[in-house]
Amino acid sequence: MTLKTIYIARHGYRANWLPPPHPPNPTGIDSDPPLAPHGIDQAKQLAGYLNSLPVNEQPQFILSSPFYRCVQTSEPICEMLSVPLVLERGVGEWYKKNRGIVPEPANYDVLKPFFPCLKDSNEWDRDSTVGIIPSLDGESEDDIFARSVQFWKAFIPVFEEKYPEITTILIVTHAATKIALGMSLLKFNNVYETIDNDNTVLRAGACSLDKYERDTKDWSIKMNGNCEFLLDGEEMNWNFHSAFEAGSDEDIKARQEEAKRKAQANNAKEQFDREPTPVTEIASGSEPLANEEYEVRS
């Protein structure tokens, strides 16, 4: 058998998206925060949704980016569906080349004490099973797209040979990688293209879910950034047209400033709507009009 269905999810709401103080990163690695309590709830809601699907549509195997927030998002799905959960570097985070630190994520030895359901390198080595690893010098938009193309080319035959009985998998990753994986799987040329004539782009809200199905050898998208199972709907959507890395401090600051501008504009509009419009005596009909006030001006 071959892979027929691939789900791709973004991790849930991160703790450092909330106002400080922020909890320490459990792994001690830079840019490796845990989920916020809200993100944990989202992960459970995603797990509940996948568990509600017909058995033949549920993921049979989970591959997670090794960053803590992705494994933490995967954990309730792993537990609820009782399926294997492994780490895969090829679907790791996208970091721009001009950032100060490009972190290397934790391995099984660090993460397994936090997540007992996680398998180990004997099941799936995060570095060598596929062998696609993001550059620790950072990546351009073209680089992450090329990484995704290379990932699918290497991953699919390796996975199908190793697990011939599995037809449906889930990949838990990050906003940028989620988009790049989707665009490359659909055989587009870059991460900026729209996917149809309606100028639709791939959506990547927190804990959102994409679904791809294969018909013979080509893949098509059946679900784009689905958030219908999340109680609060779509949050923190991102795409490559943003000037900042998804979820970065700069991204959060820009979102906060935009929200502040919108709030100020709404307040100004509400205040304007509340103020009564002055009514003159003539307009109110309380004073008779003089003849000259009926003059028609051309």
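These legends describe close-up views of one predicted protein model. Local features need pLDDT of at least 70 and side-chain atom pairs count only at pLDDT 80 or more, while totals for chains, interfaces and linings use all residues. Residues are numbered from 1 along each chain as its sequence is written, and side-chain values use heavy atoms, with hydrogens and water left out.

**View 1. The whole chain has seven helices and six strands.** Helices (H or I, at least four residues) and strands (E, at least two) are DSSP runs, numbered from the N terminus. Along the sequence, the pattern reads β-α-β-α-β-α-α-β-α-β-β-α-α. The chain holds 298 residues, and 47% of them are buried (under 20% relative accessible area, 1.4 Å probe, protein chains only).

**View 2. Six strands form an open sheet.** Their order is 3-2-4-1-5-6, and the pairing is mixed. Two strands pair if DSSP finds at least two bridges between them. Which strands stand at the edges? They are strand 3 (85–87) and strand 6 (218–226). Each has a single partner strand, so one side of each is left without a neighbour in the sheet. On average, neighbouring strands are turned by 20° against each other, direction ignored.

**View 3. Strand 1 pairs with strand 4 and with strand 5.** Strands of a sheet pair through backbone hydrogen bonds, either parallel or antiparallel. Strand 1 (residues 5–10) runs parallel to strand 4 (residues 168–173), over six bridges. Here Ile8 has Ile171 of strand 4 as its bridge partner. With strand 5, the sense is antiparallel, over five bridges. Tyr7 has Lys211 of strand 5 as its bridge partner.

**View 4. Two helices pack on the sheet: helix 1 and helix 4.** Helix 1 (residues 37–52) touches strand 1, strand 4, strand 5 (209–215) and strand 6. Contact means heavy atoms within 4.5 Å. The direction of helix 1 makes about 35° with that of strand 5. Helix 4 (residues 141–162) touches strand 1, strand 2 (62–64), strand 4, strand 5 and strand 6. Its direction makes about 140° with that of strand 4. Axes are lines fitted to C-alpha atoms, for helices over the stretch in contact, and angles run from 0 to 180 degrees between N-to-C directions.

**View 5. Strand 5 and strand 6 form a hairpin.** Two residues lie between them. Thr216, in the turn, has a positive phi of about 55°. The two strands pair in the antiparallel sense over six bridges. Tyr212 has Ile221 of strand 6 as its bridge partner.

How values were computed: Buried < 20%, exposed > 50% of the residue type's maximum accessible area, 1.4 Å probe, protein only.
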